[in-house]
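Here is a short tour for anyone who likes to read a fold from its coordinates. Have the viewer ready and follow along.

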Amino acid sequence: MTTSGQFCAIAAVNDDAIAAACLRRSPDIAEGSLSLHEIGGAESMGAAYNRGLAGTDAPYVVLLHQDVYLPEGWLARAAKEIGRLESAHPDWAVAGVYGLTTDGRHAGRVWDAVFGHELTSSVRLPAEVQSLDELLLIVRRDRFAGFDPNLPSFHLYGTDAVQSALQSGYGAFALDLPVVHNNRPIESLGGGYADAYRYMQAKWADRLPIATSVCTLSRNPWHLARVRLRRWRAKVERGGLLGDARDFARKAGYE
Ligand SMILES: [Mn+2]
């Protein structure tokens, strides 16, 4: 598969310095082979991404965080992996770089700045998933119905996209497409996360539990309480980036 005109990227940006230090430095984006549409002033991630999707005709759309860095050669690798997915699982609608398989195992590879190491895959890739981490999603737009505009805030839309695809009879997969997630410690799971969590509990009540990379989506309130307690105990102040995105990519062996 060639890449020209096939792929475009969409990101909601609320911190220009982070986007400049991470996403916009990705060679494919900096050199213009992957065009990036930035959305500002988003009221929810779903609303922002739907606006971005309405503005592109590209058949494959990459939706990603401003703190993600795509290592050199990423787009060519993505085209290859998507081409493989098209032949092995022609019914796919949503893909990502990290998620939880249908039997709850971790699938995908990401250098995580907070953990300071690569989150590795415990399964062969591509792997069919029940949820995908929001750091990076790829949708096949002729099959993807769009993000749920009623899902509040900036969380769990990856899980929602996967579950919606599965409900429509399509597949969702984690691919072997490593990236750097130059994330920062904390992010409390109160407020917006709790709102999104409650909405998803009700929306997918008959599909629970659903394993996700942050917290199992479950009827049992203990799951969220336990993860919130763990994060509260870590008590890390929000500061600047933990390191240089390119340094992390080199350390990980991604470029
Ligand atoms: Mn992020």
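Contact here means heavy atoms within 4.5 Å. The model is a predicted one, and this cut-off is a handy start for seeing what surrounds helix α5. By that criterion, the cover over the buried residues of α5 includes α3 (45-54), β5 (92-96), β10, β11 (136-140), β12 (171-174) and α6 (191-203).

How many of the 11 residues of α5 are buried? Eight are, so the helix (residues 157-167) is largely enclosed by the rest of the structure. The buried ones are Tyr157, Gly158, Thr159, Asp160, Ala161, Val162, Gln163 and Ala165. The helix lies across β5, β10, β11 and β12, and runs at about 125° to β10. After α5 comes Gly169, with a positive phi near 90°.

**The sheet beneath the helix**

An open sheet of nine strands has the order β2-β1-β3-β11-β5-β12-β10-β6-β7, with mixed pairing. Its edges are β2 (35-39) and β7 (106-108); each has a single partner strand, so one side of each is left without a neighbour in the sheet. From one strand to the next, the twist averages 40°. Strands β5 and β11 run antiparallel and are joined by three bridges; Gly96 has Leu137 of β11 as its bridge partner.

**Gln130, a polar residue to inspect**

Strand β10 (residues 127-132) holds Gln130. Is Gln130 buried or exposed? Its relative accessible area is 11%, which is under the 20% limit, so Gln130 counts as buried. Its side chain reaches two backbone atoms: the oxygen of Thr101 at 2.8 Å and the nitrogen of Ala211 at 3.1 Å. Beyond its neighbours within four places in sequence, Gln130 is in contact with residues including Thr159, Val162 and Gln163, which are among the buried residues of α5. Pro209 is also one of the contacts of Gln130.

**Backbone features**

Most residues other than glycine have a negative phi, and most peptide bonds are trans. The table gathers four places that depart from this pattern.

| Place | Backbone value | Location |
|---|---|---|
| Leu125 to Pro126 | cis, omega near 0° | Pro126: loop between β9 (117-119) and β10 |
| Leu208 to Pro209 | cis, omega about 0° | Pro209: loop between α6 and α7 (222-234) |
| Ser153 | positive phi, about 65° | loop between β11 and α5 |
| Leu156 | positive phi, about 65° | loop between β11 and α5 |

Ser153 counts as buried at 16% relative accessibility, and Leu156 counts as buried at 3%.

**The manganese ion and the cysteines**

Which protein atoms are the donors of the manganese ion? They are His65 (ND1), Asp67 (OD), Asp67 (OD) and His181 (NE2), lying 2.2 to 2.6 Å from the ion. In sequence, the donor residues follow the spacing H-x1-D-x113-H. Distant parts of the chain are linked here: His65 is in the loop between β3 (60-64) and β4 (68-69), while His181 is in strand β13 (residues 179-181), 116 residues apart. His181 is buried, at a relative accessible area of 10%.

As for sulfur, a search of the whole structure finds zero disulfides. Cys8 is buried, with a relative accessible area of 3%, and Cys215 counts as buried at 2%.

Technical notes
Residues are numbered from 1 along each chain as its sequence is written. This is a predicted model: local features need pLDDT of at least 70, side-chain atom pairs count only at pLDDT 80 or more; totals for chains, interfaces and linings use all residues. Side-chain values use heavy atoms; hydrogens and water are left out. Helices (H or I, at least four residues) and strands (E, at least two) are DSSP runs, numbered from the N terminus. Buried means under 20% relative accessible area, exposed over 50%, partly exposed in between (1.4 Å probe, protein chains only). A polar contact is a pair of N or O atoms within 3.5 Å; within protein, one must be able to donate a hydrogen and the other to accept it, and residues adjacent in sequence count only if both atoms are side-chain atoms. Donors are N, O and S atoms within 2.8 Å of the metal (3.2 Å for Na, K and Ca); water is not among the atoms, so sites may look incomplete. A disulfide is a pair of cysteine sulfur atoms within 2.5 Å. Two strands pair if DSSP finds at least two bridges between them. Axes are lines fitted to C-alpha atoms, for helices over the stretch in contact, and angles run from 0 to 180 degrees between N-to-C directions.
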